[in-house]
Amino acid sequence: MQQLFENWRKYLDEVERFPDIATSQDKIQQSLDYFYKEHAPKIGKREDVGDWKGHKMIKFILPNKEAFFFVVDNEDRAKAYVAVEPFKEGYAVGNVRKTKGGGFYTTDLYKWLAQQFGSLYSDIKQTTAGESIWKRLQQDTEVSVEEPSEKTGGRWRLSK
């Protein structure tokens, strides 16, 4: 019991895991289509951010300083989506979707976001797939990744 009291903060700093959402590429694309064509335009203001890895970057700015970022192909079809919200000096990742392929990985998108914001934090809850993104980023020599701690608000922190 004494050890539990001495180490209680370590348990609070862990990122909570939740089950992976097993789904097909068709279902992921349907979800991306919905968020890009229907949901985001209803609640946010669209802004073209520029080109990235042969795709267009589209941002929807929401009233509460949250934002939706979409990676869009030449046919105006979303290939990836990341929702972010302000956290500490940067932004934290929320919802993420990506189809396979496209010439980029989710880690590439996270690095691009970190470049935009200075710091990118993980969500407080993650699937196994989400956690694996952060583990791969730890191996990347181009970026710095801090593990969840009291300093990072119990989240992974990515910076350039």
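Begin the tour by selecting K151, an exposed residue with a relative accessible area of 62%. The model is a predicted one.

**First stop: K151 and its partners**

With K151 displayed, add E146, since the two residues form a salt bridge. Their closest N and O atoms are 3.4 Å apart. Next, select R157, whose side chain also meets that of E146 in a salt bridge, at 2.7 Å from N to O. R157 belongs to strand β10 (residues 157-159) and E146 to strand β9, so this pair ties together parts that are 11 residues apart in sequence. Are R157 and E146 buried or exposed? Both R157 and E146 are buried, whereas K151 is exposed because its relative accessible area, 62%, lies over the 50% limit. To complete this view, add E89: E89, E146, K151 and R157 are linked in a network of salt bridges.

**Second stop: the sheet**

Strands β9 and β10 lead to the sheet. Display its eight strands, which follow the order β2-β3-β4-β5-β6-β7-β10-β9. The sheet is open, and its pairing is mixed. Which strands lie at the edges? They are β2 (45-52) and β9 (144-146), each of which pairs on one side only. On average, neighbouring strands of this sheet are turned by 25° against each other, direction ignored.

Within the sheet, select β5 (residues 78-87) together with β6 (residues 90-98). These two strands run antiparallel and are joined by seven bridges. For a single example of residue pairing, select V84 and look to β6, where its bridge partner is V93.

**Third stop: K111 and E142**

The structure holds nine salt bridges. One of them is formed by K111 and E142, with the closest N and O atoms 3.1 Å apart. K111 lies in helix α4 (residues 106-117), while E142 lies in the loop between α5 and β9, so the pair ties together parts that are 31 residues apart in sequence. What is the relative accessible area of K111? The value is 11%, and K111 is buried. E142, in contrast, counts as exposed, at 53% relative accessibility.

**Last stop: helix α5**

Finally, select helix α5, which spans residues 128-138. Colour G130, E131, I133, W134 and L137, which are buried. Why do these residues fall on the same side of α5? They cover an arc of only 150° around the axis, and this places them on that one side of the helix.

How values were computed:
Residues are numbered from 1 along each chain as its sequence is written. This is a predicted model: local features need pLDDT of at least 70, side-chain atom pairs count only at pLDDT 80 or more; totals for chains, interfaces and linings use all residues. Side-chain values use heavy atoms; hydrogens and water are left out. Buried means under 20% relative accessible area, exposed over 50%, partly exposed in between (1.4 Å probe, protein chains only). Helices (H or I, at least four residues) and strands (E, at least two) are DSSP runs, numbered from the N terminus. The arc is that of the directions from the helix axis to the C-beta atoms. Two strands pair if DSSP finds at least two bridges between them. Axes are lines fitted to C-alpha atoms, for helices over the stretch in contact, and angles run from 0 to 180 degrees between N-to-C directions. A salt bridge is a side-chain nitrogen of Lys or Arg within 4 Å of a carboxyl oxygen of Asp or Glu.
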